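Biologist: Could you take me through this model, beginning with one of its sheets?

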Amino acid sequence: MSIRTPSLHPDYVLSSSPELLHKHFDAIHHTLTTHPSIYWGQDRTKETFTRQTARSWRSLVVVKRGTELEPEALAGFARVVSDGEDFGYLADVFVLPEHQKKGIAQFMIKDAIENSATGRECSKTSDLWKWCLLTKVSHPVPRCRASTHALTMNMTGVDVQPLLSWQPTVLDIVLPPLLIATSLLLHTLYNSPPPTSTHESSHLFRAKTAHARLLPASARHVFCYPVLYFGLDLARLEAGELDLGKGRGSLFGWEPPTWVVAAFWRHAYLEAGAKTGIRDKVLALLERRGIDTTKDATMIYMVSMPAYLGFEGINPLTVHYCYGDATADAKRPLRVVVLEVHNTFGERHVYVLRVGVDEDTQVSLGYDHQWTFPRAFHVSPFNSRVGFYRVSLSSPFATSLTHPTLATKIVFLTPTREKKLYAALAGPGEPLVTPTLLKALFTWPLGLLLTTPRILWQAGRLSYGRGLAVWIRPEPFAGEHEGRNPVQDGAEKGSVGWQEEGAMEKWAREKVRKFLSAGVKDGVRVVLRSADESVEDMEFASEPARGEKERLLLVTYLTPLFFTDLAVSPSIPLALAVGSHTEHRWSTNDDPLFLEVFNFTPTSHPPPFLSRLAQSLRCSLMAWGLSFAAHPRASPPTATPHPLDDATISTVWTLFLHYAFLRMGYSVFSASRASVVEGTESWAEWARWNEGQLERESLVKVAGK
């Protein structure tokens, strides 16, 4: 490190003459004892300072030249204390704030170093002097971030070597003990023998998941990464017996009242709205499938990933192992396996596999059980829902009750039984106690937070790197497989988690409710039933006339978009044609009765202007959708009153926002340049309806010939 060779500003004068010191002595002493930034001279008397300057080797005074308007003023001061041989100490160095950043301090130190050895009775035996400057404040000479300096310089001031370049701070005091404690903790965790457990209640699996895409050949893709899974006896978990940490589950627990490192919550599994625990929800599911839970589910062992640091990420696969009563050797026989699959859209699906029922005759090497069954759930955006799953697994306790092992493999087969995708989850388990949990968290501190980023990263690689087209999310399967993304023949219903209703769907639902509350008559009973069994039916009825039977209109919908279809379509017949007949989001048991009920026009009409404005927005939305058709034939209807319109501006505003968000979403998707499987585009619903109209017209013409 070297010192620059500065020159003094022409407005200033530096001198070591006793006359200049005497002239500004009072100002120098006043500054040293009163200035807030000069901490070292606060208690120094004038007599003391007089003796110090008299005994100093040199005293340097810098003043600003006087003018006709301003008198000469003190700018800076420094004094040199020396043994007269080879050591010099710079003391009382200061530059007043109004004169700083002009190179004065640098010039004073340069002058002190270069000229002090030539004055008075300096020894000529050595031309090398050592210089020292102690200060709590960083100075431009030498340039060093440290706050205390001890410097060795030669006579020319070229070399500057920091000897003590720092002053202890709070971080310096706290960090070393913290690092030492962390090292001791890690040493203890990694070198302590694993704790033993006498029961199969809770375990931690430091596992690995591997994925391999085999088809199409041009999109072959493989990846593998570590994951943390917890294995828990649901009965003991929900009783709070497995909580870890001082207090109630401060490190790990079941629905803890405060923030914890890892936790499990009932709403994160199976039906989100159910108020019962996870175990009761699994038992209810099994009973609906005709399984005797008193024999086949006396213990339920769940393997899943917890919420971590309060964050609930995507939990791709949760396995509920259902066991019967323990046998004489203390082992429990595995009876039922429930695979709970979550996708990135917040939807959930279950596959119930019974041991000894519909199992494959040949089982993959290394596994005890294997099933092959039709797919029915949209998991990957790069696969349709057709095909089969081949699931191979073993009970975690097949080899040890205290140290279980995960062994699960899922192979995705095409409808022709070709292997398309392979996924495996495997790893050893150890008792879930405080040391093992801390050890795992120190090893993979972000492991439980990286699931979602890893899924998105791999999806991006497949889409942009391998060029795979995206299947737009279909509605969950509820027993019928018509639509843009069909399921494999023979698939069973298993949806237990649905997307939450959005603001638009809630608004449209309320519009429909108000309309039906005032509009159902002539002995009609209307039932609106969601495929999501956790949603209650909406019923509206009117008394039939004497001697007439009640007429039932049952509307079954897969998604709350049913209400949106009615509210944003230009007419109710068009809503039926697009939402029910084309997109198959909902259906009725009696289409003519549906049109009769929903074409009822209220007696009080909204103002003509608001009616026309709302209807023009609906027609604009339809026209935009028809613009995606290859041969558009249909056109939006005239702006006739809509049965769901009311006399408020909120309807117009809501329709405008809905239209704007749809256009914006399409623009964002287009900008991403992701390719979409043709025929699944959510923005092309009206275009698909138009193409269906053309196809029906062609069939009519052929039949007429």
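**Strands, helices and burial**

Modeller: Strand β11 (residues 262–264) and β13 run antiparallel and are joined by two bridges; strands are DSSP runs (E, at least two residues), numbered from the N terminus, and two strands pair if DSSP finds at least two bridges between them. This is a predicted model, in which local features need pLDDT of at least 70 and side-chain atom pairs count only at pLDDT 80 or more, while totals for chains, interfaces and linings use all residues. Residues are numbered from 1 along each chain as its sequence is written, and side-chain values use heavy atoms, with hydrogens and water left out.

Biologist: Which residue of β13 stands opposite Ala262?

Modeller: Tyr308 in β13 does.

Biologist: What is the strand order of that open sheet?

Modeller: The order is β10-β11-β13, three strands with mixed pairing. β10 (252–254) and β13 (307–308) are the edge strands, each pairing on one side only.

Biologist: Moving on, how do α15 and α16 pack?

Modeller: Helix α15 (residues 608–626) and helix α16 (residues 649–672) pack at about 15°, with their axes 9 Å apart. Helices are DSSP runs (H or I, at least four residues); axes are lines fitted to C-alpha atoms over the stretch in contact, and angles run from 0 to 180 degrees between N-to-C directions. The two helices are therefore roughly parallel to each other, a term for angles under 35 degrees.

Biologist: And which residues make the contact?

Modeller: Among them are Leu613, Leu617 and Trp624 of α15, and Val652, Phe656 and Tyr659 of α16; contact means heavy atoms within 4.5 Å.

Biologist: Which way do the side chains of β23 point?

Modeller: They alternate along β23 (residues 538–541): Met538 and Phe540 point to one face and are buried, whereas Glu539 and Ala541 point to the other and are not. Buried means under 20% relative accessible area, with a 1.4 Å probe and protein chains only. Strand β22 (residues 524–530) runs antiparallel to β23 and is joined to it by four bridges. Ala541 in β23 is the bridge partner of Arg525.

Biologist: What about Phe442, where is that residue placed?

Modeller: Phe442 lies in helix α9 (residues 434–443). Its relative accessible area is 38%, so Phe442 is partly exposed, that is, between the 20% limit for buried and the 50% above which a residue is exposed. Phe442 and Thr182 are 260 residues apart in sequence, and their C-alpha atoms are 9.9 Å apart in space.

Biologist: Finally, how many helices and strands does the chain have?

Modeller: The chain has 17 helices and 25 strands. Of its 705 residues, 48% are buried.

Terms used:
Parallel < 35°, antiparallel > 145°, perpendicular 65-115°, else oblique.
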